[in-house]
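Here is a short report on one sheet and the helices that pack on it. Look through the sequence and the model before reading on.

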Amino acid sequence: MNAQPTIAVDRSLKKSLVRVENVVKYFPVGGGLFGHSIVHAVDGVSLAIPAGETLGLVGESGCGKSTLGRVIVQLQPATSGHVFFKDVDLTRVRGEKLRRTRQQIQMIFQDPYASLNPRMTVGDIVAEPLRNFRVARGRKAEQRVQEVMRVVGLNPNFVNRYPHEFSGGQRQRIGIARALVLNPSFIVADEPVSALDVSIQAQIVNLLEDLQEKFDLTFLFIAHDLSVVRHMSDRIAVMYLGKIVEIGPSDSIRDKPLHPYTKVLESSVPVPDPDLEAARRPILLKGEIPSPVNPPSACRFHTRCPIAEKICSEVEPPLEMKEAGRFVACHFPGKL
């Protein structure tokens, strides 16, 4: 197994609310006469999220971002590795202890159309976590549902309506209300704005920022749009084909990306100044994204990297600190 080592970061990460160490998630595919193959969805990922922070996780579609998020909240079991929440290893606990720990961890899903049961009223959808964890029933549950609907900007009188009666942005607010109703301390937001109109995206991002400040929330914010992630996040982790290739403060990633793949992502973000935009030249990658069934050897980006040399296909670069708070997995950081 070609897993990245646990990140040797400063001491603060050991006190983080969430800590992911060498997490691997493989999926068997195929079968039949020729056996089955393995999809390397997440392959040795380590990261940490201090309380109150938003860590943005960005990368192309299919790189393993959503799978990592689902493993962290234990919707899917890890093939190997550890996920710590408040120093409790979620991969090692079972039964009631895991259930009670997961009460503090919630998820906002990508598709507001598919993540809500069309046969349930909005009130029942938002109240379902309260029933599942036996937190509240009856009038007390109704009051909590109405309270959280107000918080996310929905009319509490709409509790008896069904999801099809709402717009996409309103449905995502329902999903956010469902995630908030248990008063969690950590939320994984899995591309919460990618299915929404651009005009609605900013509203949802601003809502999440307001909720974080009001309830002291910690976020893992997953998206493929670097400009959205940059606006929302304190730090950014860049993922490529199951691996973390760079982690650093949001401003540093914007001003001085060190990994070639991060540089490519940054170059594709539009600039609001027409003159600067006209003069800018996005970096175009050659070839297609390799298959996660048969990922490239050593550095997985070397088959598309503009500055790749022989060592990139022979030796896997470890994720190491190159500058204060900056971690990069590259043999030639900052060269591009």
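Helix α5 has 13 residues. From its first C-alpha to its last it reaches 18 Å, close to the 18 Å expected at 1.5 Å a residue. The model is predicted.

How is α5 placed in the structure? Of its 13 residues, 12 are buried, so α5 is largely enclosed by the rest of the structure. Buried here means under 20% relative accessible area. Among the buried residues are Gly168, Arg171, Ile174 and Leu180. The buried residues of α5 pack against β6, α3, α4, β7 and α6.

Now the sheet. It is open and has eight strands, in the order β6-β7-β8-β3-β9-β10-β12-β11. The pairing is mixed. β6 and β11 stand at the edges with a single partner strand each, so one side of each has no neighbour in the sheet. On average, neighbouring strands are turned by 25° against each other, direction ignored.

At one edge, β11 pairs with β12 in the antiparallel sense, over three bridges. Glutamate 323 stands opposite arginine 326 in β12. Strands of a sheet pair through backbone hydrogen bonds, either parallel or antiparallel.

Which helices lie on the strands? The table lists two.

| Helix | Residues | Strands touched or crossed | Angle |
|---|---|---|---|
| α5 | 168-180 | lies across β6 and β7 | about 175° to β6 |
| α9 | 260-267 | touches β3, β9 and β10 | about 110° with β9 |

α5 thus appears twice: it lies across β6, and its buried residues pack against β6.

Notes. Residues are numbered from 1 along each chain as its sequence is written. This is a predicted model: local features need pLDDT of at least 70, side-chain atom pairs count only at pLDDT 80 or more; totals for chains, interfaces and linings use all residues. Side-chain values use heavy atoms; hydrogens and water are left out. Two strands pair if DSSP finds at least two bridges between them. Helices (H or I, at least four residues) and strands (E, at least two) are DSSP runs, numbered from the N terminus. Axes are lines fitted to C-alpha atoms, for helices over the stretch in contact, and angles run from 0 to 180 degrees between N-to-C directions. Contact means heavy atoms within 4.5 Å. The expected span of a helix is 1.5 Å times one less than its number of residues. Buried means under 20% relative accessible area, exposed over 50%, partly exposed in between (1.4 Å probe, protein chains only).
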